[in-house]
Amino acid sequence: MTTVAVAGGTGLVGRMVVERLHAAGNVPVILARSKGVDVLTGAGLDDALARVTAIVDVTNVTTNSRRKALAFFGAGTRNLLAAAERAGVNHHVVLSIVGCDRVHFGYYEGKRRQEELALAGPVPATVLRATQFHEFPAQVLARVPGPFALAPRMRSQTIAAAEVADELVRLAAGPAVGLAPDLAGPEVHEMPDLIRRVLRARRSRRIALPVPIPGAAGKAMANGALLPTGDGPRGRVTFAEWLAATYA
C-alpha cells in the first residue's frame with residue numbers, strides 16, 4: 001500500500017485518479033483548498049505530504065492569459081516541488097498537453113513552464129502529455145452560454161478522461177521517466193464536429209458556429225499541431241462510445 005497525493009484531486013481528472021488509487025488499494029491524499037491545502041500559497045502542503053511517496057499533479061486554471069497561466073502553474077509547481085523535497089517524496093507526476101511545445105498560446109505557455117520546472121526540479125519527475133478529453137467539447141459549450149455555441153477550429157485526437165486517469169496512476173506506481181510518450185485517443189476529429197454531436201445528443205437547439213482562434217496559434221491548432229507526432233499509448237474508447245454512454 002502506498003500513499004499518493006493528488007493535486008487538483010477534486011477536479012474532473014483528479015476525482016478519477018483518486019477513485020483508481022482507492023480501487024488499487026492505495027491511500028490517496030487530496031490536495032485542494034476544500035481540504036485545507038493551497039498549492040498556490042503552499043499552505044497545508046507540509047502536513048499533507050507527510051508519508052506520501054508520489055504526487056500526481058492535475059491542477060488546472062481556466063484562462064487564455066499568458067500572465068495568469070505562468071503565475072498559476074509556476075507558483076503551484078514550485079510550491080509542490082519544495083514541499084515534496086522536504087517530505088522525501090520520490091516521484092512527481094505532471095499531466096500536460098500534447099503539442100503545448102508547438103503552439104504559442106497563453107495557457108500552453110503556462111503548461112510549458114510547469115513541465116520545465118518539474119523536469120528540472122529536485123524530485124524525480126514524469127510528465128505525461130495527453131490530448132484534449134472527450135469531455136472537452138461540453139466544457140467549451142459551458143463557457144459561453146446562449147443560443148450560439150462558439151466552436152473553435154482545432155484538430156484533436158480526443159481521449160476519455162478516465163483513460164488518462166488510468167495512465168497517470170500506472171505511471172505514479174513506477175519510477176520517474178521524464179517526458180513520457182504522448183497519450184492520445186483512437187481517432188482524429190475536428191472540434192466543431194464534436195461540439196455539434198454533443199448538441200445533438202443533448203437535443204439542444206443551440207447552433208454551433210465554427211470560429212478560428214486568432215493568430216499563428218489558432219492556425220497551428222487548426223492544422224493539427226495538437227496531435228501526437230510519434231508512437232505512444234492510445235485510448236480505446238471512441239468519442240461515439242463515450243457520447244452514447246454519457247448521454248444514454
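Reader: What volume does the largest pocket have?

Author: Keep in mind that this is a predicted model. In it, the largest pocket comes out at about 1,400 Å³. Its lining takes in 47 residues, and those closest to its centre are N60, V61, T62, Y107 and R143.

Reader: Which helices and strands each supply at least two residues of that lining?

Author: You can read a lining by going through the elements that feed it. Here helix 1 (12-23), helix 4 (106-119) and helix 5 (136-143) each give at least two residues, and so do strand 4 (91-97) and strand 6 (148-152). Helix 5 gives the most, with four residues.

Reader: And the chemistry: how many residues of the lining are nonpolar, polar and charged?

Author: Sorting the lining by residue type gives 28 nonpolar, 14 polar and five charged residues.

Reader: Back to helix 5, then. Which of its residues are buried?

Author: A residue counts as buried when its relative accessible area is under 20%. In helix 5 that covers F136, P137, A138, V140 and L141.

Reader: What covers those buried residues?

Author: To answer that, look at what packs over them. The cover includes strand 6, helix 7 (191-201) and helix 9 (239-246).

Reader: Let's pick one residue from helix 7, say I195. Is I195 buried or exposed?

Author: I195 has a relative accessible area of 0%, so it is buried. Leaving out residues up to four places away in sequence, I195 touches P137, V140 and L141, as well as A149, L150, A151, P152 and A208. Recall that P137, V140 and L141 are among the buried residues of helix 5.

Reader: How far apart are I195 and A69 in sequence and in space?

Author: Sequence and space are two separate scales, and it helps to quote both. I195 and A69 lie 126 residues apart in sequence and 25 Å apart in space, C-alpha to C-alpha.

Reader: Now zoom out. How many helices and strands does the chain have?

Author: The chain has nine helices and 10 strands. Its radius of gyration is 18 Å, close to the 18 Å that the globule rule gives for 248 residues, so the chain is as compact as a globular protein of that length. The C-alpha trace spans about 50 × 40 × 35 Å along its principal axes.

Reader: What share of the chain is buried, and what share of contacts joins residues at least 24 apart?

Author: Buried residues account for 53% of the 248. For contacts, take the pairs at least 6 apart in sequence: 82% of them join residues at least 24 apart.

Reader: And what does the accessible surface come to?

Author: About 11,500 Å² for the chain, with 54% of that belonging to carbon and sulfur atoms.

Notes: Residues numbered from 1 in each chain as written. Predicted model: local features only at pLDDT ≥ 70, side-chain atom pairs only at ≥ 80, totals over all residues. Heavy atoms only, no water. 1 Å grid on protein atoms, 1.4 Å probe; cavity = no way out; pocket = protein on both sides within 12 Å on 5 of 7 lines; lining within 4 Å. Points joined across faces, edges and corners; volume = space filled by probe spheres on them. Nonpolar A, V, L, I, M, F, W, Y, C, P; charged D, E, K, R; others polar. Buried < 20%, exposed > 50% of the residue type's maximum accessible area, 1.4 Å probe, protein only. Contact = heavy atoms within 4.5 Å. Rg over C-alpha atoms; globule rule 2.2 N^0.38 Å. Areas by Shrake-Rupley, 256 points an atom, 1.4 Å probe, with all protein chains shown as cover.
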